[in-house]
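I opened a fresh page for a structure that is new to me, and I meant to note down what I looked up, one topic at a time.

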Amino acid sequence: MTTDIAKVILITLCATLVVGCSINQRVLTVADIERESQITDQLFETDKAAKEERLNVDIYQAYTSYVEQSEKGDHFRSIAISRLADLELEAEFNDAEVAAAESLSEALMTIKKEQQNQIKLERTMGLLEMSLRDYPDLGSNDEVLYRLAMVSGQLDKHIRSMDALEQLVEKHKDSRFYLEAQFRLAEDAFVIGDYEGAAQRYSKIIEVSSNLVFYEKAYFKRGWSRFKMQDYKLAIDDLMKAVAYRDEKGKDKGRGAIEKDEHFDAYFYAIALNFSYMEEHSGLADYFRNVRSSKFTYHIYSELSDIYLAQKRYSDVVAVLTQFSEEHPGSRYLPQMEFRIVATWERSGFFDSFYEAAERFYARYNPSASYWIPEEKTKKIKAVMLAEITPLLRDNIFSIASYYHNKYQSTSTENSFELASKWYERYLAHFSEAALEDNVNYAYADLLSEKEHYEKAISHYEIVAYKDGVIVDQRAAYATVVLAERLYSQNVGEQKMAWQLRYIKHALLFKRIYPTDIRSERIVLRAVEIAFAGEKYQQAVNMAVLLEGVDSKSVRFEVGLIKAESLFNLAKFDKAEGVFLSLIQTLAAGDARKKKMEDRLALTIYRQAEVELAAGNDVVARQKFERIAALVGDSEIAPKGLYDAAVLAMEGESWLALIDYAGRFRSQYPDHERRDDMTKLLSLAYINAGQHANAAQILEEVYEIEQDSEVKRASLWQSAELYEALNDMPASIRTYQRYVEAYQQPFPQYMEALNKLTMMNDTIGDVRRGDLWAGKIRKADHQIDVAMKTDRTNHITGVATLRLAREKKAVFDKLTIKQPLKVHLKRKKDAMDWARGLYTTAYEYHSPEIMTESLFSIAEMYYGFSRAVMDSARPEGLNEDEMEQYEIGIEDLAFPVEEKAIEIYESTLSHVNQGIFNIWMQKSYHQLETIFPARYAREVKVDLYAN
């Protein structure tokens, strides 16, 4: 607006306020101010343009200027503040204008609007707080406080909002906002868990006589507050008053208002919940005795039972429902509540209790019970009650009958059958018109048929199956055919003939009504089946011939199967085999029946083999056993047949045949439980057939699979020996090595294996590994108890020790004595001592060959040592006398050693007294001749010089 117009409006506004005060002394509202401002504004309307200019006058600015310029004591200033607050809230956000100016997206527009709204609310709250601050005693402050509470709440200033409401109820008890403020404060106390404070505030609401809106709610919420405080009786009183009040209000809504109003559900649930927290169920009954009103009892009892049911407190549910029955025997809901007892026990899984309850319920409320005989005044209500309970009773009776029917099917007990029959009969007695709809006749007929009460069963099947000579239920019609045939089979004489006629009648009708039904031809097949079931196999074969030409492949198959099985049972296995083969040929790949037929064919051939075996025709039997795997290798008995053929081949020493059978078995049935047995048989066959290489390999397999430790060890040893015999050194070494790693007992065989490993590694030129195994021999001998040793193990150990001694002697032999004499003399002596120690150890194993070699070698080292001393290099720089002295010293050093050598050579020769004469003794003799012939004639010493 223009400056002049704004001044005029402000002046006019102020003048109007002054005039109003002086003349009428009335309190103007903001509406009065606006109305009078509009009247003044009309003075300036001279044309349309002027009118449009007036519409653009900023009233908001006028109020703002007035508030800013007027004194705080000015009463109209408070009105202007209130109007400004209204204008703040009424201000609208111009979406289109802002979006066009700033090109805002929808999301940004939403944010912008939220920001604008926040600003509006904060300005409004500021104005309301200004009004309260500047005019604390204003009579209309209750509305200002109420508005401040609402605006603060919108700004999420909860504490400020509650404080405003608290001031309102304290200072303005007569305010029209008082009840709502108290209710909001009570709700806030309830939410934060101050249930006592909430209850007190709800009480203040209830105390107000003019309370209409919050009266019922206050009672309801005070009831919940008292529930939270665990004051259940007072809580129930409050909730009942809320229910009564609402019920009184709903009288004009007619019958059934309680059921239609969902608020009652919440009230009844809350009441029931309080009762559920009381220790005794009797509290519910006591309460309603004192109240003397039964209008709500059903609903509350019902809710309480539902609470217990949800908690799976089944006994409590039943206790509450039973209490209702005892306390309210005349209630129209009595049958429904007592049926709940039945349903509760059924849900609980306690079937005995369920059955007892169901039996009691049936006795009292079945449609023929005396309970339903009404007096004239109760005739209509009883009819309604019966109509309500009949579907429940009908379902319950059928449910119990079905339960015992199923139980009979699983247990076949007489009691289950009797109970199922009783409940089916009860159903038919009361609800026969619905029996076909509920399939009761058919179910009862099934039960009777399962119990083989065929005559009674067929009568119920016929009720379901036929109407006016036409089939109306195909299943039941077929059942009548089957049972008629069974009754024909069971009876004799005239009764047999009667059932034969009945069977033919039903069978022909079925065939005529359902000509394409596969069972139509099977009805005729039944005669063949029954002959077979009665073990009249030849009769079954004869009748089967009559049906071989029918069109139905399935019927032809069934007939052929019965014929084949009959021939099998007649021990005509050759003929049965032909029929089974033809049946298999009619089946496509993947047909589930094919596997079964192949199994039967296999068994038929197996029986033929057994017959041949019993007749002593072992070769023919073996061929038939083997033929099963070749013809129907996937059959269950085929592996057994091939195994039996292998056993017969073994018994007949047909090793090549056994190799063939065993090889096929292992290839064809790699996962069969007999595969390991067949592997053992195969090893036996290879050995006896002279196929040692194959035998060695298979024996390694036997070692892997065998459970018996002795057989396992023997298999590995035999495999190693076979490889050794084949001169397959790598394989033999590998196998002996596996043996020594697995078995250290028996000790002699373990030592033999180590010895073989030593020699074989020498043979292939791996001396290093030979030394390794020789070392293991000496270690094993050292660790074993002497009682476990044998001459052979001693010899093996001696040889191994001798082997190591030879190596050390070779080192000794290579050493020469150089200058400085002392160093090289010691080196030579140390080498001799090491080798001599090993020879001495070998000697102690008392093997003649080893003993003589050990003595000879020791003598050789002594002699070699003396020669090395004599041949050692002489020091340089000695004069003639010094050299002479040196030579004397050398001789003094060498001569005793040579003497020792001669003594040991002679000791070697002493073994001739033990009947031993070998190359080592011969070499000793020649050495003695060479070294010192003059002394050779002296007596030979027999003791061993080992030091």
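The entries below go through aromatic rings, charges over rings, one helix pair and one single residue.

**Entry on the model.** Before anything else I wrote down that this is a predicted model, and I kept that in mind for each value that follows.

**Entry on aromatic pairs.** I began with the rings, and the count came to 45 aromatic pairs. One of them joins Y365 and W372, whose ring centres are 6.2 Å apart and whose planes stand at 55°, and this pair is listed as tilted. I then asked whether Y365 is buried or exposed. Y365 has a relative accessibility of 0%, so it counts as buried, and W372, at 8%, counts as buried too.

The next pair I looked up was Y403 with Y404, where the centres lie 5.1 Å apart and the planes meet at 80°. Because planes over 60 degrees apart count as edge-to-face, I entered Y403 and Y404 under that heading. For the surroundings of these two I noted that Y403 is partly exposed, with 30% relative accessibility, whereas Y404 is buried, with 6%. Both residues also belong to one aromatic cluster, which I wrote out as F351, F354, Y355, Y362, Y403, Y404 and W423.

**Entry on charges over rings.** Which residue has its charged end over the ring of F417? I found K451 there, with its charged end 5.4 Å from the centre of the ring. In another place R600 lies over the face of F568, and the distance to the ring centre is 4.8 Å.

**Entry on a helix pair.** I turned to helix α7, which covers residues 106–134, and helix α8, which covers residues 141–154; they pack with their axes 9 Å apart and at an angle of about 150°. Angles over 145 degrees count as roughly antiparallel, and therefore α7 and α8 are described in that way. The crossing of α7 past α8 is left-handed. For the contact itself I listed residues from each side: α7 brings L121, T124, M125, L128, E129, S131 and L132, and these meet a set in α8 that includes N141, V144, L145, R147 and L148.

**Entry on A630.** Last, I looked up where A630 sits, and found it in helix α32, which spans residues 618–631. A630 has 58% relative accessibility, so it counts as exposed. I also checked A630 against L642, twelve residues apart along the chain, and their C-alpha atoms are separated by 9.2 Å.

How values were computed. Residues are numbered from 1 along each chain as its sequence is written. This is a predicted model: local features need pLDDT of at least 70, side-chain atom pairs count only at pLDDT 80 or more; totals for chains, interfaces and linings use all residues. Side-chain values use heavy atoms; hydrogens and water are left out. Rings of Phe, Tyr and Trp (its six-membered ring) pair if their centres lie within 6.5 Å; planes under 30 degrees apart count as stacked, over 60 as edge-to-face and the rest as tilted. Buried means under 20% relative accessible area, exposed over 50%, partly exposed in between (1.4 Å probe, protein chains only). A charge sits over a ring if NZ of Lys or CZ of Arg is within 6 Å of the ring centre and within 35 degrees of the ring normal. Helices (H or I, at least four residues) and strands (E, at least two) are DSSP runs, numbered from the N terminus. Axes are lines fitted to C-alpha atoms, for helices over the stretch in contact, and angles run from 0 to 180 degrees between N-to-C directions. Angles under 35 degrees count as roughly parallel, over 145 as roughly antiparallel, 65 to 115 as roughly perpendicular and the rest as oblique. A crossing is left-handed if the near helix is turned anticlockwise from the far one by less than a right angle, and right-handed if clockwise. Contact means heavy atoms within 4.5 Å.
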